[in-house]
Amino acid sequence: MSKFKKDNNKSVPGVNTSSLPDIVFMLLFFFMVATTSKESDPSVKVVQPEGTMATDMTPYKQRSEIDFLYIGKPVNKARAEAYKKLGMEYLLFMDNVAQSTPDQLYNVNMVKKWKLDKFESKPARMSTPIEGVITCVKADKGTPSGLIFDIRGELQDIDALTIGYAVREVNKKKEE
Amino acid sequence: MAKREIPEINAGSMADIAFLLLIFFLVTTTMDKDTAYIRNIPKKIVNQEKKPPVEERNIFAIKANSMNQLMIRGVIISNPDDISEKIIEFYRTNEIKNDPKNNFPMYSRASMKEIEANLERALEEAEKVENTPGAMQDIIDFKYRQVAEWEKKKRALQLYGKKELPEIHPQAHIRIEVQKATDYELFTKIQSEVEEAIYELRNDAAMKIFGESYDKILSRYTMDKSPADKEKLDLLKILYPDRIIEVTPKR
């Protein structure tokens with residue numbers, strides 16, 4: 001049995017880890033590419049209500065056929081107090097209204113201008129008609145519905161006829 | 001000068017650095033999708049004529065007041081989860097057989113012959129209007145939309161594979177009436193229930209007719225936009241239309 005000579009003196013060779021960084025980098029790049037960062041960080045506090053069977057907005061986001069509008073109380077306490085004195089509790093946050101004042105809050109009057117500005121700033125080749133561009137309203141649970149309908153009225157005036165009511169999708173198991 | 005050997009850079013800690021970055025991205029990534037209920041806003045009507053009367057049986061009114069209390073078709077309910085069942089009842093009651101005694105919308109059942117006759121008539125009318133000098137483009141478009149509608153119904157019935165195409169009354173709709181102070185949470189809850197009911201109705205029909213779930217057809221259609229799937233979805237939409245009216249609150 002000399003063919004299978006036991007060589008007890010040989011030590012176990014160490015695992016070659018030189019390709020470990022490559023693997024980790026691959027994972028890293030995957031996450032970097034797959035991450036979609038929020039377009040803007042709203043300065044109003046939004047706790048979304050829960051709902052089932054809502055439509056996924058990802059395809060619309062990819063085609064940039066969607067504008068987000070946030071409604072909630074201002075995050076900043078002092079600011080919330082100041083607005084409350086003016087009789088405004090729930091305020092609107094829109095991205096890119098004016099670049100110089102990124103965390104400005106507005107009331108309903110600004111919706112038309114924001115929407116039209118956004119629509120015109122889109123390149124011509126990917127212009128869906130304004131009726132088709134979804135205005136997605138991300139509102140806080142406690143927002144009075146009257147405010148939602150005010151926005152709806154404003155959108156109706158400029159023929160932006162698609163609205164989305166954002167909810168946090170909860171997977172209620174289909175009871176069957 | 002003596003030849004010096006350049007020492008190799010130790011890359012052993014490279015993995016650690018990469019891991020650190022990886023963990024950072026893992027933690028900061030939020031995977032939650034944006035989801036919403038998409039609704040169409042009706043076009044603004046400039047000169048409002050008298051509203052056409054709608055039979056009470058065709059209205060499924062969901063009302064919510066400023067105290068977040070719910071009322072469905074005049075009955076106060078305490079559990080909002082019941083809405084979807086009530087909506088299904090609204091669609092299903094007269095689906096098989098019309099009973100004028102109850103307070104639910106009637107169904108029409110058009111046979112292939114009737115649909116074809118209507119299609120022909122619509123086409124004739126459309127051509128007549130088009131050939132009339134001075135006809136408004138709006139009217140021509142409207143006539144051709146009607147033709148398209150009948151064609152859609154014809155294809156739907158072919159796909160349905162039965163003698164008749166059951167269709168709920170064209171005025172039957174779900175009406176959401178909230179007050180200004182109603183919480184957004186309740187408003188979306190109502191929307192959620194409506195969506196759930198429509199989904200269930202369409203899913204049942206999809207399983208019965210095509211043997212696959214509505215979800216499956218829908219997600220496949222968003223992927224490859226095949227015309228066969230579009231016809232399937234059209235049929236389901238004709239069988240269970242989602243006509244939702246959101247009434248702007250006055251107080």
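A pocket, as the word is used here, is an open set of grid points with protein on both sides within 12 Å along at least five of seven lines, and its volume is the space filled by probe spheres set on the points. The model in these views is predicted.

**View 1. The second largest pocket and what lines it.**
About 370 Å³ of space lies in this pocket. How can you picture finding empty space like that? Rolling a probe the size of a water molecule over the atoms shows where empty space is left. The lining of the second largest pocket takes 15 residues. If you want to find its centre, look for B:Glu95, B:Ile96, B:Tyr160, B:Lys162 and B:Pro166, which lie nearest to it. Two elements of chain B, strand E6 (164–168) and helix H5 (184–210), each put at least two residues into the lining. Which of the elements gives the most to this lining? That's H5(B), with four residues.

**View 2. A salt bridge between helix H5 and strand E1 of chain B.**
Let's stay with helix H5 of chain B, the home of B:Glu195. The side chain of B:Glu195 forms a salt bridge with B:Arg39, and the closest N and O atoms are 2.9 Å apart. B:Arg39 sits in strand E1 (residues 35–40) of chain B, so this pair ties together parts that are 156 residues apart in sequence. Is B:Arg39 buried or exposed? Its relative accessibility is 8%, so B:Arg39 counts as buried; the cut-off for that word is under 20%. Across all chains, the structure holds 27 salt bridges.

**View 3. A salt-bridge network around B:Glu212.**
Here's a residue with more than one thing going on: B:Glu212 forms a salt bridge with B:Arg220, with 3.3 Å between the closest N and O atoms. B:Glu212 also meets the side chain of B:Lys232 in a salt bridge, at 3.1 Å from N to O. What does that second pair tie together? B:Lys232 belongs to helix H7 (residues 227–239) of chain B, and B:Glu212 to the loop between H5 and helix H6 (214–224), so the link joins parts that are 20 residues apart in sequence. Add B:Asp229 to the picture and you have one network, in which salt bridges that share partners join B:Glu212, B:Arg220, B:Asp229 and B:Lys232. B:Lys232 and B:Glu212 are both buried. For B:Glu212, the relative accessible area is 12%. B:Arg220 comes out at 29%, so it counts as partly exposed.

**View 4. Strand E2 of chain B and its two neighbours.**
Strand E2 of chain B covers residues 59–64. Why is E2(B) described as largely enclosed by the rest of the structure? Because five of its six residues are buried. E2(B) pairs with strand E7 (residues 173–178) of chain B in the parallel sense, over six bridges. Along that pairing, B:Phe60 stands opposite B:Ile174 in E7(B). E2(B) also pairs with strand E3 (residues 70–72) of chain B, this time in the antiparallel sense over three bridges. There, B:Lys63 has B:Met71 in E3(B) as its bridge partner. E2(B) and E3(B) make a hairpin with five residues between the strands, and in it B:Asn68 takes a positive phi near 60°.

**View 5. Strands E4 and E5 of chain A.**
Now hop over to chain A, which has five helices and seven strands. Starting at the N terminus, its elements run α-β-β-β-α-β-α-β-α-β-α-β. Of the 176 residues in chain A, 39% are buried. Zoom in on strand E5 (residues 91–94): A:Leu91 and A:Phe93 point one way, while A:Leu92 and A:Met94 point the other, and all are buried. E5(A) runs antiparallel to strand E4 (residues 66–74) of chain A, with four bridges joining the two. One pair to look for is A:Ile71, whose bridge partner in E5(A) is A:Leu92.

**View 6. A nonpolar surface patch shared by chains A and B.**
Which residues form this nonpolar patch on the surface? They are A:Leu20, A:Ile23, A:Leu27, B:Phe19, B:Ile23, B:Leu26 and B:Val27, with about 610 Å² of accessible area together. Helix H1 (20–34) of chain A and helix H1 (14–28) of chain B each supply at least two of the patch residues. H1(B) gives the most, with four residues. B:Phe19 is found in that helix of chain B, and with a relative accessible area of 35% it is partly exposed.

Note on methods:
Residues are numbered from 1 along each chain as its sequence is written. Chains are lettered from A and ligands numbered from 1 in the order in which they are written. This is a predicted model: local features need pLDDT of at least 70, side-chain atom pairs count only at pLDDT 80 or more; totals for chains, interfaces and linings use all residues. Side-chain values use heavy atoms; hydrogens and water are left out. Patches are made of residues with over 30% relative accessible area and no salt bridge: like charges are joined within 9 Å, nonpolar side chains (Val, Leu, Ile, Met, Phe, Trp, Tyr) within 5 Å. Accessible areas come from the Shrake-Rupley method with a 1.4 Å probe; for residues, only the protein chains shown count as cover. A salt bridge is a side-chain nitrogen of Lys or Arg within 4 Å of a carboxyl oxygen of Asp or Glu. Buried means under 20% relative accessible area, exposed over 50%, partly exposed in between (1.4 Å probe, protein chains only). Two strands pair if DSSP finds at least two bridges between them. On a 1 Å grid over the protein atoms alone, a cavity is a set of points where a 1.4 Å probe fits but cannot get out, and a pocket is an open set with protein on both sides within 12 Å along at least five of seven lines; lining residues have an atom within 4 Å of a point.
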